[in-house]
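Hello,

Here is the structure I promised to pass on to you. Please open it next to this email and keep the sequence at hand while you read.

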Amino acid sequence: QVQLVESGGGLVQPGGSLTLSCTVSGIMFSINAMAWYRQAPGKERELVATITSRGNTNYADSVKGRFTISRDNAKNTVYLQLNSLKPEDTAVYYCKQGLYWGKGTLVTVSS
């Protein structure tokens, strides 16, 4: 059974930082690409960042230079470091592998 479990969301002030984690079980984590998505209230889910099995990364233009995706294959975990947060980054953040999704973690950026 494949499971993806996100954690690390919360309330943060504009300009602040958070680190999201997604721990994966039930698949060969190290050989699979991973992705982070987000869905803001009233908006469609959008791709935020991806990382290949070799560690190659890509980012949405809206987060480039502020967010960093990384992975620790020994821990079966993918991370998303969120810096210089803006109110428009408020969303539920999901990790994804292939057809599998986590349940998400809420990030709220507000003063």
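Below is what was found in it, from the overall shape down to single residues.

Please keep in mind that this is a predicted model.

**The whole protein**

Let's begin with the parts list. The protein has eleven strands and zero helices, so you can read its elements from the N terminus on as β-β-β-β-β-β-β-β-β-β-β. The C-alpha trace spans about 40 × 25 × 25 Å along its principal axes. A compact globule with 111 residues would have a radius of gyration near 13 Å, and the protein agrees with that because its own value is 13 Å.

How much of the protein is buried? Buried residues make up 40% of the 111 residues. On the outside, the protein exposes about 6,100 Å², and carbon and sulfur atoms supply 48% of this area. Contacts across the sequence are worth a look too: among those with a separation of 6 or more, 53% are between residues 24 or more positions apart.

**The nonpolar core**

Now to the inside. The largest nonpolar core has 27 residues, and Trp36, Val48, Phe67, Val78, Leu80, Leu82 and Tyr93 are those with the most contacts inside it. Two or more residues each come from strands E3 (18-25), E4 (34-39), E5 (46-51), E7, E8 (77-82), E9 (91-97) and E11 (105-109). Strand E3 gives the largest share, four residues.

Two of these core residues are good places to zoom in:

- Val78 has its place in strand E8. With a relative accessibility of 0%, Val78 counts as buried, because the cut-off for that is under 20%. Not counting residues up to four places away in sequence, Val78 touches ten residues you can look up: Leu20, Ser21, Cys22, Phe29, Met34, Trp36, Ile51, Ile69, Ser70 and Arg71. Val78 and Ser21 are 57 residues apart along the chain, yet 5.9 Å separates their C-alpha atoms.
- Val48, with residues up to four places away in sequence left out, touches Trp36, Tyr37, Arg38, Asn58, Tyr59, Ala60, Val63, Phe67, Leu80 and Tyr93.

**The disulfide**

How many disulfides does the protein have? The count comes to one. This disulfide joins Cys22 to Cys95, with an S to S distance of 1.9 Å. The pair links distant parts of the chain, since Cys22 is in strand E3 and Cys95 in strand E9, 73 residues apart. Both Cys22 and Cys95 are buried. The torsion about their S-S bond is about 45 degrees, so the disulfide is right-handed.

**Two buried polar residues in loops**

Next, please find Arg66, in the loop between strand E6 (57-59) and strand E7 (67-72). Is Arg66 buried or exposed? Arg66 is buried, because its relative accessible area is 10% and the limit is under 20%. What does its side chain reach? One partner is the backbone oxygen of Ser84, at 3.0 Å. Another is Asp89, whose side chain is joined to that of Arg66 by a polar contact of 2.7 Å. Beyond its neighbours within four places in sequence, Arg66 is in contact with Gln81, Leu82, Asn83, Ser84, Leu85, Lys86 and Asp89.

Thr90 sits in the loop between E8 and E9. Its relative accessibility is 18%, so Thr90 also counts as buried. A polar atom of the Thr90 side chain lies 2.9 Å from the backbone oxygen of Pro87, and the side chain also reaches the backbone nitrogen of Val109 at 2.9 Å. With neighbours within four places in sequence left aside, Thr90 is in contact with Ala40, Pro41, Val107, Thr108 and Val109.

**One last loop residue**

Finally, look at Ile27, in the loop between E3 and E4. Leaving aside its neighbours within four places in sequence, Ile27 is in contact with Val2, Asn32 and Gln97. Between the C-alpha atoms of Ile27 and Leu106, which are 79 residues apart along the chain, the separation is 25 Å.

Enjoy exploring, and write back with any questions.

Best wishes

Key:
Residues numbered from 1 in each chain as written. Predicted model: local features only at pLDDT ≥ 70, side-chain atom pairs only at ≥ 80, totals over all residues. Heavy atoms only, no water. Buried < 20%, exposed > 50% of the residue type's maximum accessible area, 1.4 Å probe, protein only. Polar contact = N/O pair within 3.5 Å; in protein donor to acceptor, adjacent residues only side chain to side chain. Contact = heavy atoms within 4.5 Å. Core = buried A, V, L, I, M, F, W, Y, C linked by side-chain atoms within 4.5 Å. Rg over C-alpha atoms; globule rule 2.2 N^0.38 Å. Areas by Shrake-Rupley, 256 points an atom, 1.4 Å probe, with all protein chains shown as cover. Disulfide = S-S within 2.5 Å.
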